[in-house]
Amino acid sequence: MKLQRYGLLAGLVAGALALTACGGSDAGTGSGGAQSLSGTIKVDGSSTVAPLSEAAAELFRETNKGVQVTVGTSGTGGGFKKFCSGETDISDASRPIKDSEKTACQAKGITYSELLVANDALTLVVNKDNNWVDCLTVAQLTKIWDKGSKVNSWNEVDPKFPNQSLKLFGAGTDSGTFDFFTGKINGEEGRSRSDYNATEDDNVTVTGVAGTKGGLGYFGFSYYEENQDKLKALKVDGGGGCVAPSVEATQDGTYKPLSRPLFIYPSTAALKRPEVVAFCEFYLENAEQIDKQARFVPLTAAQQETAKKELAALKKQAGG
Amino acid sequence: MTAPPRPVARPDRGIRAARRLDPREAGFQGLLLLSFGLGVVVLAVLLIQVIVQGWPRLNLDLFRRFPSSLPSRAGAQSAIFGTLWVIGFTALFTVPLGVAAGIYLEEYADKQRWYNRLVELNIQNLAAVPSIIYGILGLGFIVRGPLKFGFVVISAALTLTLLILPTVILASREAIRAVPMSIRLASLALGATKWQTVSRQVLPSAVPGIATGIILALSRAIGEAAPLVLLGGLTFITFNPTGAFSPFTVMPIQIFNYIERPQSEYRVVAAAMIVVLLAILLLMNSVAIWLRNRFRQEW
Amino acid sequence: MTHTTTQRRGGATAAGTSLRRSRPRYGERLIVAFLFAAAFLSVLVTAGIVISLAIPTVDFFRTVNIGHFLTGRSWAPLFKPPSFGVLPLVAATIVVTLVAMLVAVPAGLGAATYLSEYASRRFRKVFKPVLEVLAGIPTVVYGFFALTFVTPLIQKIWPFGAPPDVYNMLSAGLVMGVMILPTVASLSEDAMNAVPQALRAGAFALGSTRRQVTTRVVFPAALSGIVSACVLGISRAVGETMIVLIAAGGTPRFTFDPRQGAQTMTAFIAAAGFGDQPTGSTGYKTIFAVGSLLFVLTFIMNIFSIRLVRRYREVYE
């Protein structure tokens, strides 16, 4: 009888151990891949670039089951903070690295490469039922988003618009999208009104605008492409007329001023590991396929040339 | 001796007729039943909605596939295994600590001493602290701070251990308390030491109650997301944990992740995962209740 | 033969030396020490919570004025220039808690009263588990329910004025009320069960109806326990994270209009946590400052509730 009782307690503990053992046996089993690479690659940063890195990680894992790639979305700024303290291997960024971040990296002795992986058209979206606006000028956008702005209804933007309350959704302060948008629209990176639904997770913006009739939000092009059934993209007039965001308009630069390149920054220390080099090579070599799967704007021909050169340099670095 | 106070004069029909048909009585009872019904109805609606919404994706692929940026390929394997790993370690830590603390408080602690009263007060308080505060504790001490483990399985397990420890201690104490004093006295009378009494008489009798409490506490831990969000559980994880220091995700976090993604197909996957999670919890609670009934002793 | 080993440490007895052990059992002392350490861990945990909250908070208040923190109406800690008025978060927490209690107290009290005073044994056996199931549903599931079912439903049937936004405090509050209902119900039921049957019997003997007994005898007698249950429910509502994170949104907004979305204290902590601030930055410290506020509020409520429980228990034992 006593044995039965103790057996029960022991069984619980043993069961717990057994679960951990059984969980472990799955990872690392079977891969017919020729490369038997293994290791963990920590990627973090922009939530705009994250879907791209996630797609790359997934495709990469199909042939390299032993490599674990984790993709975080702390925002471009958040990602660099971690990157420059050595916590991550690759930083996703929707804007080039800032001087202050360069200094921080230098202080910790972290060197890196800058790889261009896709283009992006920063898209402004409104609710599907919004039938009064199709195009906004940069001046109107500044009026809405600038620091201290008290614009709370649509007819304050343009008297022809109805008196519908304006609900704003956008990127948080750690987001590269935030830096880029405020830099281009408000003239200074980081300068913005603060009473909107700010998030580093662009999915939240999608849900917000899709569910609010007077909603207005901004994020990377792929988030619009993925949710066209719920959202309407606005044309932007950057001085040359109203231009809609699209692959072509981004690549030839007519979508002004909100076209931008997207980067990944692998650290030199990480590149000393074969699995990281393999991942970056995979990323660049298959950029077209990855861009298409994640609904991003692919690289132009000129950019592809640069990418090929960077790839060669990487291979040399790995081989040397 | 005074006579009991005389009842207030009532006309006869008040006593007879009012009994069954008084609208105020029936109304009040109906109101109470209605408020009870609210809980039942909401539960039913919730379960039905979740099952209906998750039905299309409730298949083996959910267990075979990993999270994906393509909703049609998204699955939950990494979350399920992550949950198993984290809960496994949590149980490993919680059981000895919780039972030991329970034994001490019930068998050995002199309730007049200030340090024992402090311990009791602490446990009562900790049981009611919001779970996200435990996340902050984990972030400050385990993930960063002195231990610096990072966002790995063991950080999550340690944090969850601290979270459910008060519950386990409480359950152990009640189970130990339920063992009658006569058992202890008889054992001591036969010459056993205190510890021999506890380990060979009290504890075995209390094990079913303790086991029930542990299972219920663990089932609470399985559903916790808030503290783990702070511990970095929001990364995109497409693999199962390989060790105690491996990055991870757990089911509630993955569900949260899928809810946040606006593509409606992700909502379906989230609903399917919720059904799986609820099924697991139902199983655990049924085991706990079965344990309680099977080994219940009438003293 | 006397056996008094229970009362003495070390095994010595008052009677014959034949029962005295030759040396104390150090092994047992060690075991007891370990057991004490396990129990003392709880004190360490509380200390850990207080320390891990207090140090960054103190640091935080070196750069931010505490008066501004507690009374300011604009919460924008991560923008430039930052603004640290915590009132929007507190207001949102209050609104959601209020809505939740409007659901949980009547429904929970009603359910408890029915179970305690009216229900047959079979009814209890069948339906009491329902409350336990409600209590066991993970909060992330409740959040999902709020966002995908309750919000669209409310938006559809909203009869006057502008319907609530996709992220709103009303949905979150309603669902949170259902989540807290079992807590309020089970503690209230305990309180009502503790009322001695003699009181009821006396009232019935005087000709009271069941309703009168319930409302005029049981409720007042169990009042402190019921209040304690409500306070504990409030404490849980204030500390709840996932439901508000998913359904109430992330805009810090100082408003008491439940149709709007707003960020509560807990939602802010979670959101700031996964933006993943680097150690030592002001953003990192705001997590702890708001966490301290949250801890202090729930701590006060818990102490109050525990005191109440202790008081009513004494009256009848």
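**Notebook: a sheet in chain A and two contacts of chain C**

I began with a single bridge and noted that A:Asp237 has A:Cys242 as its bridge partner in E12(A). The model is a predicted one, and I kept that in mind for each entry below.

I then looked up the strands around that bridge, and found that strand E11 (residues 235-237) of chain A and E12(A) run antiparallel and are joined by two bridges. Going on to the sheet, I read the order E6-E11-E12 (chain A), an open sheet of three strands with mixed pairing. Strand E6 (135-137) and strand E12 (242-243) of chain A each have a single partner strand and stand at the edges, so one side of each is left without a neighbour in the sheet. I also checked what packs on the sheet, which is helix H5 (residues 138-145) of chain A, touching E6 and E11 of chain A, with a direction that makes about 80° with that of E6(A).

Next I turned to the contact between chains A and C, which takes 24 residues from chain A and 15 residues from chain C. On the side of chain A, helix H3 (76-83), strand E8 (197-199) and helix H8 (202-211) each supply at least two residues, and H8(A) gives the most, with four residues. By class I noted three nonpolar, 15 polar and six charged residues on this side of chain A.

Last, I looked up chains B and C, where 71 residues of chain B are in contact with 71 residues of chain C. Helix H2 (residues 23-54) of chain B provides the largest share of the side of chain B that touches chain C, 16 residues, and that side divides into 49 nonpolar, 15 polar and seven charged residues.

Technical notes:
Residues numbered from 1 in each chain as written. Chains lettered and ligands numbered in written order. Predicted model: local features only at pLDDT ≥ 70, side-chain atom pairs only at ≥ 80, totals over all residues. Contact = placed C-beta atoms within 7 Å. Nonpolar A, V, L, I, M, F, W, Y, C, P; charged D, E, K, R; others polar. Pairing = 2+ DSSP bridges. Axes fitted to C-alpha atoms, helices over the stretch in contact; angles between N-to-C directions.
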